[in-house]
Amino acid sequence: LFSGPVSFLKSAPELKFLPDPQVPEIAFAGRSNVGKSSLLNRLTNRNGLARTSNTPGRTQELNIFDVGDPVRLRLVDMPGYGFAKAPRELAKKWRFLVNDYLRGRQVLMRALVLIDSRHGIKDIDRELMKMLDDAAVSYGLVLTKADKIKASDLADVTERTMAEARTRPAAHPEIVVTSSETGLGMDRLRAAVLEAAQI
Ligand code: GTP
Ligand code: MG
């Protein structure tokens, strides 16, 4: 499926702009700069499909990508959270948008929560995980930027992340370790996406 057509559908600043819920959706969430857009590009082998940037907080809407023609799956690049300069108003807007989406979207099959390998799970990620647990949306944890740390540190952070996932009601116990730089973990991630979307 990922070797076929993939295209940007639209940006939705509010739920009313989302497309009709016809096909399964998988959402990519995580702190600003964790590598959501880069992962989407690598996953679909489309450089520049999702806009990546060094400026945290660039994406503030739900960006929707169609996979397949006719479309069979939608990937949703969620706005990042937790960047230092975020004004309170923005954080509040983020919370409403994300909460509404998580609670109200019947076609949302799974969220992927991206965690930077160098930092592990932070309190701000736990807030999102709590929202997911409360909304009963199943989610998988994905470690990003694995190329940036030593193998031994990567093993440690994987172990810690897995241990924490086991304590969360809606979290999938399996962790996918990835690098958008080297392509590490992409096959496993594609398989996880298709399985979650029941394709
Ligand atoms: P927001 O849209 O602000 O929420 O950020 P994002 O999570 O979409 O992050 P983005 O994909 O834009 O990546 C942020 C920065 O990290 C960019 O400079 C990327 O090139 C870099 N980056 C992303 N993934 C990787 C990776 O696997 N390895 C390395 N070395 N750099 C990465
Ligand atoms: Mg982004």
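**A seven-strand sheet and the helices around it**

Lys10 lies in strand β1, a good place to start on this predicted model. With 13 other C-beta atoms within 10 Å, Lys10 comes out as partly exposed. Its contacts, once neighbours within four places in sequence are left aside, are with Phe17 and Ile64. Ile64 sits 54 residues away from Lys10 along the chain, yet the two C-alpha atoms are separated by 5.4 Å. That fits the strand pairing here: β1 and strand β3 (residues 62-67) run antiparallel and are joined by six bridges. Ser7, for instance, has Asp66 as its bridge partner in β3.

Zooming out, the sheet is an open one of seven strands, ordered β1-β3-β4-β2-β5-β6-β7, and its pairing is mixed. β1 (6-12) and β7 (171-177) take the edges; each has a single partner strand, so one side of each goes without a neighbour in the sheet. From one strand to the next, the twist averages 25°. Helix α4 (residues 151-165) packs on this sheet, where it touches β5, β6 and β7, and its direction makes about 165° with that of β7.

Next comes β5. This strand (residues 108-116) is mostly covered, with nine of its nine residues buried. β5 runs parallel to strand β2 (residues 25-30), and six bridges hold the pairing; Glu25 has Leu108 as its bridge partner in β5. β5 also pairs with strand β6 (residues 139-144), again in the parallel sense and over six bridges. In that pairing, Ala111 finds its β6 bridge partner in Tyr139. To get from β5 to β6 the chain goes through helix α3 (residues 123-135), and the resulting β-α-β crossover is right-handed.

Helix α2 (residues 88-104) is worth a look of its own. Its 17 residues reach 24 Å from first C-alpha to last, close to the 24 Å expected at 1.5 Å a residue. The buried residues in α2 are Trp94, Val98, Tyr101 and Leu102. Viewed down the helix axis, the buried residues of α2 fall within an arc of 95°, so they line one face. The general rule behind such a pattern is that an α-helix has 3.6 residues a turn, so residues three or four places apart point the same way. What do the buried residues of α2 pack against? Their partners are β3 and α3. The face turned away from that buried side carries the exposed residues Arg88, Glu89, Lys92, Phe96 and Gly104.

A few backbone oddities turn up in the loops. Most residues other than glycine have a negative phi, and most peptide bonds are trans. Against that background, the peptide bond from Asp69 to Pro70 is cis, with omega near 5°. Pro70 is placed in the loop between β3 and β4 (73-77). Asn33, a residue other than glycine, has a positive phi near 80°; this residue lies in the loop between β2 and α1 (36-44). Is Asn33 buried or exposed? With 21 C-beta neighbours inside 10 Å, Asn33 counts as buried, given that the cut-off is 20 or more. Lys145 is not a glycine either, but its phi is positive at about 55°. The loop between β6 and α4 is where Lys145 is found, and Lys145 is buried, with 21 other C-beta atoms within 10 Å.

Methods. Residues numbered from 1 in each chain as written. Chains lettered and ligands numbered in written order. Predicted model: local features only at pLDDT ≥ 70, side-chain atom pairs only at ≥ 80, totals over all residues. Buried ≥ 20, exposed ≤ 12 C-beta atoms within 10 Å, placed from the backbone. Helix = DSSP H or I, 4+ residues; strand = E, 2+ residues; numbered from the N terminus. Pairing = 2+ DSSP bridges. Right-handed = clockwise from strand over helix to strand, strands pointing away. Axes fitted to C-alpha atoms, helices over the stretch in contact; angles between N-to-C directions. Contact = placed C-beta atoms within 7 Å. Expected span 1.5 Å × (residues − 1). Arc of directions from axis to C-beta.
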